[in-house]
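The exercises below ask the reader to work through a structure step by step, from its empty spaces to single residues. Please keep the sequence and the model at hand while reading the solutions.

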Amino acid sequence: MNVWPLYGSAFAMATSLSVLWTAMPFIIRNIGGTEEHVGYIWAFNMLGYMLCLLLTAVMLGHLAPRHATRAAAAAMFLATLVMVFVVYYAIARDQLGRPALIWTMIATGTLSGAAMSLFWPFLMSWVSADYEGAILNRRLGTYNGMWSSAAIMGPLIGGVLVDMSTFGPVVVGVVCLAVCFVLLCLAHDASAGNAASVEPSNVPEIPFDKGLLLRFKWMARIALFCSWACLGVTRSQFALLFTDLGFSETQFGIIITIFGICNFLVLTGAGRLAFWHFKPVLLLSVQVILALSIFLIIYGRTLWAFVPSFLIMGFGFGFAYSSHLYYGACGSKKRSAQMAIHEVTISLGVIVGAGTGGYLSGNFGIYRPYWFSIIVLALGLIAQVAVYVTLKPRRHSQPA
């Protein structure tokens, strides 16, 4: 199958997003925005994404992945191009702090998020179509490796560029989206199979214990939500705290790159190995690992605390992502619907983390968002234990 243009488009899209959204807290600050605006722009971006994901799952699941993904890339290109003009106008015309421009950035980010709902779920279902078991795991591993490798270099590029010019990261974001669109145009219809639609397909299923699978789906879903809520806080509010402590935007990009490397290693390794399947203690440990990371941010004041924090966070984050993607796809004939659920969970996490984090930081103190993250993780751990105890697997069945 002509699958490599699909992997390439995932890489280009992830590069655009990681460059742009690593730099976005500094972009908003540099055009006169507040901590709340910094939190709101990513929260509204993911709110638009989530709402349109729900619409997509209900009404647009019949769309061919090639049409949906190309439309998404084109719309995101136009939305990001508007950001280029807004940032240029704010700086060149000395309109810093003008509410209309800041809220135009937020509105444009929301529209970009809405368009993104036609990209990731359809691309994931396109890549994973008609595969099960070990082959599905390897295919998802390659896909995860592509976008997560972009998340390694993207933050570093974004941090360096925004340190040099507020304008630079947005331009790079536009260029990467153009490359993404071209690669999608090179993908053939044969790259997609029957499972790329919300409609049921004739894919032969490996027998799973449905009770056991449901238990792990929900435990992984809770871990995924908590990990993205923490990321929503750290990728928005910590960017400002980090520079307030005297560090540079480039150093912030390096720290996020370290996070990306750890995330990449876990995602790629999880796609090649199967020993972690249906091991509950690993999902429970995600909450503990992420909590340790947040405590290092709260009590650390040096790079010797922040670097280990994001290293640890990368491992926990990657495992939560891989787990939910795998358990969601297992035994499912409705891949697009499962991928939509995956993305909705991510969106909710970012909305809660970035939105609440921005509000708490702007109104109650710069460290309140991190204590909020600790509370979310503690509640998540309790919820995981409740799911594990409540949802009992059937007896005399073994997971595949």
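**Exercise 1. Describe the largest cavity, its volume and its lining.**

Solution. The largest cavity has a volume of about 510 Å³, where a cavity is a set of points, on a 1 Å grid over the protein atoms alone, at which a 1.4 Å probe fits but cannot get out, and where the volume is the space filled by probe spheres set on points that are joined across faces, edges and corners. Its lining, meaning residues with an atom within 4 Å of a point, comprises 23 residues, and the closest to the centre are Leu17, Ser18, Trp42, Trp147 and Trp228. The helices that each supply at least two lining residues include H1 (4-30), H6 (133-164) and H12 (335-364), helices being DSSP runs of H or I with at least four residues, and strands E runs with at least two, numbered from the N terminus. The lining divides into 18 nonpolar, three polar and two charged residues; Ala, Val, Leu, Ile, Met, Phe, Trp, Tyr, Cys and Pro count as nonpolar, Asp, Glu, Lys and Arg as charged, and the others, Gly among them, as polar.

The model is predicted, so that local features need pLDDT of at least 70 and side-chain atom pairs count only at pLDDT 80 or more, while totals for chains, interfaces and linings use all residues. Residues are numbered from 1 along each chain as its sequence is written, and side-chain values use heavy atoms, with hydrogens and water left out.

**Exercise 2. State which elements line the second largest pocket.**

Solution. About 170 Å³ of space lies in the second largest pocket, a pocket being an open set with protein on both sides within 12 Å along at least five of seven lines. Of its 13 lining residues, Val266, Phe275, Leu282, Phe315 and Phe319 are the closest to the centre. Two or more residues come from each of H9, H10 (280-299) and H11, and H10 gives the most, with four. By class, this lining holds 10 nonpolar, three polar and no charged residues.

**Exercise 3. Determine how H10 and H13 are oriented to each other.**

Solution. The axes of H10 and H13 (residues 368-390) come within 10 Å and cross at roughly 170°, with axes taken as lines fitted to C-alpha atoms over the stretch in contact and angles running from 0 to 180 degrees between N-to-C directions. The two helices are therefore roughly antiparallel, a term for angles over 145 degrees. Among the residues that make the contact (heavy atoms within 4.5 Å) are Leu283 and Phe295 of H10 and Trp371 and Leu377 of H13. The contact has 17 nonpolar, four polar and no charged residues.

**Exercise 4. Is Asp94 buried or exposed, and which is Phe278?**

Solution. Asp94, in the loop between H3 (65-92) and H4 (99-116), has a positive phi of about 55° although it is not a glycine. At 61% relative accessibility, Asp94 counts as exposed, whereas Phe278 is buried at 11%; buried means under 20% relative accessible area, exposed over 50%, and partly exposed in between, with a 1.4 Å probe and protein chains only. Phe278 lies in the loop between H9 and H10, and its phi, near 60°, is also positive.

**Exercise 5. Where does Pro169 lie, and which residues does it touch?**

Solution. Pro169 lies in H7 (residues 168-186) and, at 0% relative accessibility, counts as buried. Residues up to four places away in sequence aside, Pro169 touches Val19, Leu20, Ala23, Ile27, Gly158, Leu161 and Val162.

Note on methods
Angles under 35 degrees count as roughly parallel, over 145 as roughly antiparallel, 65 to 115 as roughly perpendicular and the rest as oblique.
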